[in-house]
Amino acid sequence: MVSGPTPASPEAREALRDAMVRLADGDSAALEQIYSATRVKLYGICFRILGDTKEAEDALQDVYVNLWQRADRYDPTRASPISWLATFARNRAIDRLRTGKVRGGAVPVEEAAPLPDAAPLADQMMIDGERAAHVHTCLESLEEPAQANIRSAFFDGMTYAELAENADVPLGTMKSWIRRGMMKLRTCLEAGE
Amino acid sequence: MTDKTEINRDDAMIAIEYGFGLLEGEELLTARGRVASDPAFAAEVALWEERCAPLLDDVAPMEPRADLWPQIAASIEAQKAAQSAANDDAASNVIDLQSRLRRWQWTAGLTSAAAAVALAFAAFGPGATQAPNEIPQTQLASADPLVAQVPIGDTGLRLDVTYIPETEKMLVGAIGLTADGVHDHELWLVPADGSDLQSLGVVTPGEVLSMELPETIARNLGDGVGLVLTREPIGGKPEGVDAGPVVAEGAFSQV
């Protein structure tokens, strides 16, 4: 192994947390440091949700510009910075997905872009450095069809209505599957806390 | 909804659904509103986001194109410049409006109906001789400003739109919003009678704009009338093409 902090190391996390605090204090230069440490992960998330290079780039830009505007929203005493940023990126991407679809899909359907090369895993900042978080095993323990649909909701930003349409089941059925699954997920997570 | 196949759900379940992004339409808007106004609900959403965030490690990381950072940096520089410029001339732009706005905020802040009526009476000027309780309701209503807030996603940012019937002026405040350099946002009135949307123009981030409304638009204004904000190319919706995606919505209500 090479020496120096790895992206998942406590040092890398601390450096990121520090940059987030400096950004909130008005130091714009801290944003470039945050960008270089997190862009690969956050871009991956935006692309996964939006499925389109142009949209994902717009979303990523939106994420960092927004971060610069409202860096004070991050509370360094609560969440880990990469966890917070990843969630922030996912939420922004989902917002973009939803608003684009308001009123019957005003966004033109673009041709599917070729999938860009994935960056090497080692380059990404890990939220769960040890992969010890209970949520992985809890999600894997769910039965189908709940598990696959919950994954689609989380990773692809699908709504109840879209999931129901894809699975060709009534909306109420999909809601029941997912809610039962979510209740199990909750029980499992709470048991592990 | 009284779908019998739906199982009962408590707030925690709604928080999960919101956090996962499963909700749409009215349910989404309601949940969004609760995140802003209900700390317990917001904490529940945050708890789920934190619990599930480690799953995001499973998403394949991807390198964005190299010139994205210069673009972000340039956009931020442009916003900084716009902000300091706005600070310089905002004073002259809005000075005329501020005294009026202050009065309405004051009006809105009054909770006593009697006080509100008395103030409305005063607004008609010293020449008014009717007793406050004799002022016809319609006259009061038509003279009162209309306000609308158009929240932008869950960013906490919003457009503030105010229409002042007595001067036929509309103020559009986009303070805190910033230009991304690639899009403009156009504001549209949604007439209650279902006729075509009417453009209220492109929003200027970071400024309060005052505009006079033509009668063709002004007559469609009223309590409950909707507004939508669309994302357009720079300069606004080009002639002959469909409007861009709706990014925010709101409705007027009477002060």
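## Asking how we know: chains A and B

Tutor: From the N terminus on, the elements of chain A run α-α-α-α-α-α-α-α. Keep in mind that this is a predicted model.

Student: How many helices and strands is that for chain A, and how many for chain B?

Tutor: Chain A has eight helices and zero strands. Chain B comes to seven helices and eight strands.

Student: What share of each chain counts as buried?

Tutor: In chain A, 45% of the 193 residues count as buried. For chain B it's 27% of 255 residues.

Student: What makes Leu97(A) buried or exposed?

Tutor: A residue is called buried if 20 or more other C-beta atoms lie within 10 Å of its own. Leu97(A) has 21 other C-beta atoms within 10 Å, so it is buried. You'll find Leu97(A) in helix α4 (residues 81-105) of chain A.

Student: Which residues does Leu97(A) touch, leaving out those up to four places away in sequence?

Tutor: Ile49(A), Leu50(A) and Gly157(A). Leu97(A) and Gly157(A) sit 60 residues apart along the chain, yet their C-alpha atoms are separated by 7.8 Å.

Student: And Asp168(A), is that one buried or exposed, and how do you know?

Tutor: Exposed means 12 or fewer other C-beta atoms within 10 Å. Asp168(A) has 6, so it counts as exposed. Asp168(A) lies in the loop between α7 and α8 of chain A.

Student: What is the phi of Asp168(A)?

Tutor: Positive, at about 55°, although Asp168(A) is not a glycine.

Student: Where is there a cis peptide bond in chain A?

Tutor: One joins Glu144(A) and Pro145(A), with omega about 5°. Pro145(A) is in the loop between α5 and α6 of chain A.

Student: Let's turn to helix packing. Why are α2(A) and α3(A) called oblique to each other?

Tutor: Start with the value: helix α2 (residues 29-50) and helix α3 (residues 53-69) of chain A pack at an angle of about 140°, with their axes 9 Å apart. Roughly antiparallel needs an angle over 145 degrees, and roughly perpendicular runs from 65 to 115. The angle of about 140° fits neither of those ranges, nor the one under 35 degrees for roughly parallel, so α2(A) and α3(A) are oblique. Their crossing is right-handed.

Student: Which residues make that contact?

Tutor: From α2(A), they include Leu31(A), Tyr35(A), Leu42(A) and Phe47(A). From α3(A), Glu55(A), Ala59(A), Val63(A) and Trp68(A) are among them. The residues of this contact divide into 14 nonpolar, no polar and one charged.

Student: How do you know how the span of α8(A) compares with the expected one?

Tutor: The expected span is 1.5 Å times one less than the number of residues. Helix α8 (residues 171-191) of chain A has 21 residues, for which 30 Å is expected. From its first C-alpha to its last, α8(A) reaches 30 Å, close to that expected value.

Student: Which residues of α8(A) are buried, and what do they pack against?

Tutor: The buried ones include Met174(A), Trp177(A), Ile178(A) and Leu185(A), and also Lys175(A) and Arg179(A). The buried residues of α8(A) pack against α5 (134-140), α6 (146-156) and α7 (160-167) of chain A together with α1 (11-20) of chain B.

Student: What percentage of contacts join residues at least 24 apart in each chain?

Tutor: Among contacts between residues at least 6 apart in sequence, it's 71% in chain A and 62% in chain B.

How values were computed:
Residues numbered from 1 in each chain as written. Chains lettered and ligands numbered in written order. Predicted model: local features only at pLDDT ≥ 70, side-chain atom pairs only at ≥ 80, totals over all residues. Helix = DSSP H or I, 4+ residues; strand = E, 2+ residues; numbered from the N terminus. Contact = placed C-beta atoms within 7 Å. Axes fitted to C-alpha atoms, helices over the stretch in contact; angles between N-to-C directions. Left-handed = near helix turned anticlockwise from the far one by under 90°. Nonpolar A, V, L, I, M, F, W, Y, C, P; charged D, E, K, R; others polar.
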